[in-house]
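Here are some exercises on reading a protein fold, each with a worked solution. Keep the structure open beside you and try each task before reading on.

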Amino acid sequence: MEFSSKLLEKAVNEMAQLPGIGKRTALRLVLHLLKQPSEQTHYLSQALTTMRDDVKFCKNCHNISDVEVCEICSNTSRNHKIICVVEDIRDVMAIENTNQFKGIYHVLGGKISPIDGVGPSQLNISTLVSKVKMGVIDEIIFALSSTMEGDTTNFYVYKQLKEFNVKTSTIARGIAVGDELEYADEVTLGRSIVQRVPFEISLKNN
Ligand SMILES: [Zn+2]
């Protein structure tokens with residue numbers, strides 16, 4: 001791609017670093033910004049910079065938050081003895097939208113994936129194990145997507161928790177294999193949480 005402006009080229013190259021954005025799309029977005037009043041670009045860059053600098057991760061569940069303990073964890077009307085284990089904030093948002101879950105979450109921050117170089121130590125697993133070890137948790141619900149990486153992660157975490165006195169369950173697989181949680185419709189996802197099954201049973205079905 002030949003550019004008549006180095007400034008334009010730099011902006012396009014930065015934009016094209018984002019996932020799913022090729023150079024052509026990046027160019028289209030940048031040209032769009034050039035057609036808008038300059039404040040629009042300032043608002044955008046300001047929002048991104050502030051978000052990147054100021055965002056926090058809840059020290060209890062690792063969910064993205066503006067404060068040290070997220071709204072879900074600090075809500076005393078929720079059941080803090082039931083923890084739903086998810087990959088990232090998109091899953092928290094999807095499950096919250098169903099209005100079917102009144103426990104709290106634990107955000108792993110990814111899935112075990114040797115191909116992508118993600119091992120258990122890079123995920124928020126030890127903090128979950130510590131919580132369970134303290135004996136204050138009744139149930140752990142696994143709600144990772146049913147991909148190979150999701151299953152591997154579920155099983156790894158399950159093995160870490162097995163020796164403790166905690167019930168483990170997994171969301172009912174009304175969701176087709178390979179589907180990501182965030183794309184499941186609310187009714188299906190809500191039902192799969194309500195109709196969750198003991199984790200051991202899900203192992204026998206595989
Ligand atoms: Zn939290």
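**Exercise 1. Which strands does helix α6 lie across, and how does α6 run relative to β6?**

Solution. Start by finding α6 at residues 148–161 of this predicted model. Next, look at what is beneath the helix: α6 lies across β3 (82–86), β5 and β6. Finally, compare directions: α6 runs at about 170 degrees to β6. Angles over 145 degrees count as roughly antiparallel.

**Exercise 2. Work out the strand order of the open sheet of five strands, and find its edges.**

Solution. Trace the sheet from one side to the other, and you should read β4-β3-β5-β6-β7, with mixed pairing. Now ask which strands pair on one side only: these are the edge strands, β4 (104–107) and β7 (197–198).

Then take the pairs one by one. β3 and β4 pair in the parallel sense over four bridges, and isoleucine 83 stands opposite isoleucine 104 of β4. Strands β5 (residues 139–142) and β6 (residues 167–170) also run parallel, joined by four bridges. Here glutamate 139 has lysine 167 of β6 as its bridge partner. As a reminder, strands of a sheet pair through backbone hydrogen bonds, either parallel or antiparallel.

**Exercise 3. Which residues of β4 are buried on each side of the strand?**

Solution. A useful rule comes first: in a regular strand the side chains alternate between the two faces of the sheet. On one side of β4 you find Ile104 and His106, and on the other Tyr105 and Val107. All of these are buried, and both faces of β4 are covered.

**Exercise 4. Is cysteine 61 buried or exposed?**

Solution. First place the residue: cysteine 61 sits in the loop between β1 (56–57) and β2 (64–65). Then count its neighbours. Cysteine 61 has 24 C-beta neighbours inside 10 Å, so it counts as buried, the cut-off being 20 or more.

Who are its contacts? Leaving out residues up to four places away in sequence, cysteine 61 touches Cys70, Ile72 and Cys73, as well as Ile104, Tyr105, His106 and Val107. For contrast, take arginine 28, which is 33 residues from cysteine 61 along the chain: their C-alpha atoms are separated by 38 Å.

**Exercise 5. Why can we say that the buried residues of α4 line one face of the helix?**

Solution. List the buried residues of α4: Asp91, Val92, Ala94 and Ile95. Looking down the axis of α4, you see them fall within an arc of 165 degrees, so they line one face of the helix. The spacing rule helps here: an α-helix has 3.6 residues a turn, so residues three or four places apart point the same way. The buried residues of α4 pack against β3, β4 and α7. Just past the helix comes asparagine 99, with a positive phi near 60 degrees.

**Exercise 6. How do α4 and α7 pack, and which residues make the contact?**

Solution. Begin with the geometry: α4 (residues 89–98) and α7 (residues 186–194) pack at an angle of about 90 degrees, their axes 8 Å apart. The two helices are therefore roughly perpendicular to each other. Now identify the contact residues: α4 provides Ala94, Ile95, Asn97 and Thr98, while α7 provides Glu186, Leu189, Gly190 and Ile193. Sorting the residues of this contact by type gives four nonpolar, three polar and one charged.

Technical notes
Residues are numbered from 1 along each chain as its sequence is written. This is a predicted model: local features need pLDDT of at least 70, side-chain atom pairs count only at pLDDT 80 or more; totals for chains, interfaces and linings use all residues. Axes are lines fitted to C-alpha atoms, for helices over the stretch in contact, and angles run from 0 to 180 degrees between N-to-C directions. Angles under 35 degrees count as roughly parallel, over 145 as roughly antiparallel, 65 to 115 as roughly perpendicular and the rest as oblique. Two residues are in contact if their C-beta atoms, placed from the backbone, lie within 7 Å. Ala, Val, Leu, Ile, Met, Phe, Trp, Tyr, Cys and Pro count as nonpolar, Asp, Glu, Lys and Arg as charged, and the others, Gly among them, as polar. Two strands pair if DSSP finds at least two bridges between them. A residue is buried if 20 or more other C-beta atoms lie within 10 Å of its own, exposed if 12 or fewer, and partly exposed in between; C-beta atoms are placed from the backbone. The arc is that of the directions from the helix axis to the C-beta atoms.
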